[in-house]
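Thanks for sharing this one; here are a few friendly notes on its pockets. Please have the model open as you read.

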Amino acid sequence: MEIKIYKDAESIGRAAAGMFAAKIIENPKCVLGMATGSTPLPTYNALIELYNINVLDFRMVKTFNLDEYVGIGREHGQSYYRFMFDNLFSKVNISPKNVHVPNPVSKNFEDDCAAYDAAIEKSGGIDLQILGIGHNGHIAFNEPSKVFPFGTHIVNLTKSTIEANQRFFKNIDEVPKKAMTMGIGSIMKAREIIIIATGKEKAEAVKAMIKGNVDPMCPASVLQLHHKVTVFLDKEAASLL
Ligand code: F6R
């Protein structure tokens, strides 16, 4: 793991966007793994700035998002599909047909999950994956558990995740309790990974990810076994290292 400590979330966003930009410039058909939540927003803003000054062309770029809630449609204001269009895709020239966000709608979620993994494989695999980290050490919606879940699957969100996501909904009852998420195996197959954490409420999870044992009770700790991970932290998130 390469650990980089920056002064604030905006500086991290510019640095992470620089890594995405390098991939797109090197290979205009590259496959990018995207995340939602507050953490990637400065990165997406910096990518939009680079697009606006004509450095980047997203026309042939493919994307795969990490996860999506179960039980709210794509048109819902808090769906991750909508989040991606509001915060990035509608602001660059990406082709909607190249965008993939898990879509748990069929009667058989297992088929949806298998189809998502198959689509990633068919695209040639993810070149660069961006991740945030949950307070409980989750990556995507792989919550702490006894074993690392491998492929894309349906998960029951933990109390800590539901509480953390409450800020986006009117009240806690409206927060979906299930999600469809890429598994740890799907994430670890990415050729390169960026994980970003900012703020002191992420410091414990960051410590467990970097200094703890590889343990499914801190899903992010598995990243210690990946050969190309850059960890971007601000001083608060790095305060327990
Ligand atoms: C989002 C995702 C989650 C978030 C994590 C941190 O697609 O997969 O794992 O990255 O919950 O969320 P924020 O960035 O809102 O603190």
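1. Starting with the chemistry of the largest pocket in this predicted model: its lining divides into 13 nonpolar, 12 polar and 4 charged residues. Glycine is counted in the polar class here, which is worth keeping in mind when you read that split.

2. As for room, the largest pocket holds about 530 Å³ of space. It is lined by 29 residues, and those closest to its centre are Gly37, Thr39, Ile133, Arg167 and Lys202.

3. Which elements give two or more residues to the lining of the largest pocket? They are strand E4 (67-69) and helix H5 (159-165). H5 supplies the largest share, with 4 residues.

4. The second largest pocket has a volume of about 150 Å³. Its lining consists of Asp117, Ile120, Glu121, Gly124, Gly125, Ile126, Phe150, Gly151, Gly185, Ser186, Lys189 and Ala190.

5. Two or more residues of the second lining come from each of helix H4 (109-122) and helix H6 (184-188). The largest share there belongs to H4, which gives 3 residues.

6. How does the lining of the second largest pocket divide by class? There are 4 nonpolar, 5 polar and 3 charged residues. Among the residues on that lining, Asp117, Glu121 and Lys189 belong to the charged class, while Gly124, Gly125, Gly151, Gly185 and Ser186 fall in the polar class. Ile120, Ile126, Phe150 and Ala190 count as nonpolar.

Methods. Residues are numbered from 1 along each chain as its sequence is written. This is a predicted model: local features need pLDDT of at least 70, side-chain atom pairs count only at pLDDT 80 or more; totals for chains, interfaces and linings use all residues. Side-chain values use heavy atoms; hydrogens and water are left out. On a 1 Å grid over the protein atoms alone, a cavity is a set of points where a 1.4 Å probe fits but cannot get out, and a pocket is an open set with protein on both sides within 12 Å along at least five of seven lines; lining residues have an atom within 4 Å of a point. Grid points are joined across faces, edges and corners, and a volume is the space filled by probe spheres set on the points.
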